[in-house]
Amino acid sequence: MSSAPESGEYEATVGGDRESVDAGTVESLAVTGERCAVDVTPAADEFRLALAGDHNSVRVRGNDETVVLDCTGDRNSLSLGEEMSLRRERDEGEANSISRESFETESEPDLVQTTRDEAYAGLGWFGFDLVSYQTEIERDHCQYCGHDAERVIERREEKVLRLFGLTFTLKTVASSDECSFCRVSANASVDLSDRERREIYR
Ligand SMILES: [Zn+2]
């Protein structure tokens with residue numbers, strides 16, 4: 001192996017032999033192993049990639065980022081997203097191949113985690129309750145975070161009264177837009193935070 005990248009220079013390093021690694025979403029990656037299969041998603045517009053080992057197969061699942069390649073290894077195969085560009089800082093290896101691939105963008109994580117039906121199904125038999133749910137709305141601009149987004153949903157909270165198993169929606173307590181830019185993380189509750197409620201009423 002010739003001139004391995006200095007450790008610390010790259011956010012992630014994949015070493016070893018015949019490993020299959022998903023390096024995650026990182027700004028830079030050094031592949032120093034042999035015969036490894038590596039998947040990586042760029043976290044920077046200029047994604048630095050060092051190929052210092054041999055016989056590795058690396059897939060960079062990017063969209064329109066630039067791969068800045070420092071290649072000193074041999075017989076690696078590099079696969080880039082169709083729209084990505086490539087800049088070779090150093091290309092000293094032999095018999096390396098580069099191809100393009102269309103990575104089907106995996107269906108966007110569903111923004112709606114709790115539908116109205118689900119929220120109402122969880123209610124008790126009697127009494128006042130506050131339900132929180134998310135619903136699709138026709139809007140291409142998120143009023144909460146200000147981003148233009150392909151899909152915007154609305155998080156709503158309603159005060160309801162349950163009587164003998166019947167549900168009366170008394171009033172909408174609060175609602176807030178949500179989009180993929182400001183989405184609530186997958187395991188968080190869809191309830192609005194106090195801060196959000198304040199912002200809505202401001
Ligand atoms: Zn948003």
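User: In this predicted model, how many bridges join β8 and β10, and in which sense do the two strands pair?
Analyst: The pairing of β8 with β10 is parallel. Within it, Gly 81 has Glu 101 of β10 as its bridge partner, and Leu 80 has Arg 100 of β10. The number of bridges between β8 and β10 is five.

User: Which residue stands opposite Leu 80 on the β6 side?
Analyst: β6 and β8 run parallel. They are joined by four bridges. The residue opposite Leu 80 of β8 is Val 60.

User: What is the strand order of the open sheet that holds β8 and β10?
Analyst: β8 pairs with β10 in the parallel sense, and β6 is joined to β8 by four bridges. On the other side of β6, β4 pairs with β6 over four bridges, also parallel, and β2 (residues 20-26) pairs with β4 over five. The order of the five strands is therefore β2-β4-β6-β8-β10.

User: Which strands of that sheet have one side without a neighbour, and why?
Analyst: The sheet has five strands in parallel pairing, and its neighbouring strands are turned by 15 degrees against each other on average, direction ignored. Two strands stand at the edges with a single partner strand each, so one side of each lacks a neighbour in the sheet: β2 and β10.

User: Which residues of β4 make up its covered face?
Analyst: In a regular strand the side chains alternate between the two faces of the sheet. The uncovered face of β4 holds Ala 37, Asp 39 and Thr 41. Two residues of the other face also appear in bridge pairs: Val 40 has Val 60 of β6 as partner, and Pro 42 stands opposite Val 26. The covered face consists of Val 38, Val 40 and Pro 42.

User: What is the order of the other five-stranded open sheet, the one that includes β1 and β9?
Analyst: Its pairing is parallel. β1 (12-14) and β9 (85-91) each have a single partner strand, so they stand at the edges with one side lacking a neighbour in the sheet. The twist averages 20 degrees from one strand to the next. The order is β1-β3-β5-β7-β9.

User: Which residue of β5 stands opposite Leu 29?
Analyst: β3 and β5 pair in the parallel sense. Four bridges make up this pairing. Opposite Leu 29, in β5, stands Leu 49.

User: How many residues does the largest nonpolar core have, and which strand gives the most to it?
Analyst: The core has 21 residues, and those with the most contacts inside it are Val 31, Leu 49, Leu 51 and Val 60. At least two residues come from each of β3 (28-31), β4 (37-42), β5 (46-51), β6 (57-60), β7 (66-71) and β8 (77-81). With four residues, the strand that gives the most is β5.

User: Which residues does Leu 49 touch, leaving out those up to four places away in sequence?
Analyst: Leu 49 is among the residues with the most contacts inside the largest core. One of the residues it touches is Leu 29, which is also the residue opposite Leu 49 in the strand pairing. The full list is Leu 29, Val 60, Val 67, Val 68 and Leu 69.

User: Is Ala 95 buried or exposed?
Analyst: Ala 95 lies in the loop between β9 and β10 (97-101). Its phi is positive, about 55 degrees, although it is not a glycine. Most residues other than glycine have a negative phi. With 10 C-beta neighbours inside 10 Å, Ala 95 counts as exposed.

User: How many other C-beta atoms lie within 10 Å of His 55?
Analyst: His 55 is in the loop between β5 and β6. Its phi is also positive, near 60 degrees. The residue is partly exposed, because the number of other C-beta atoms within 10 Å is 16.

User: What is the C-alpha to C-alpha distance between Gly 165 and Phe 126?
Analyst: Gly 165 lies in the loop between β12 (152-163) and β13 (166-179). It has 9 C-beta neighbours inside 10 Å and so counts as exposed. Gly 165 and Phe 126 are 39 residues apart in sequence. In space, the distance between them is 6.9 Å.

User: What percentage of the chain's residues is buried?
Analyst: The chain comes to two helices and 13 strands. It has 202 residues, and the buried share of them is 27%.

How values were computed: Residues numbered from 1 in each chain as written. Predicted model: local features only at pLDDT ≥ 70, side-chain atom pairs only at ≥ 80, totals over all residues. Core = buried A, V, L, I, M, F, W, Y, C linked by C-beta atoms within 7 Å. Buried ≥ 20, exposed ≤ 12 C-beta atoms within 10 Å, placed from the backbone. Contact = placed C-beta atoms within 7 Å. Pairing = 2+ DSSP bridges. Axes fitted to C-alpha atoms, helices over the stretch in contact; angles between N-to-C directions.
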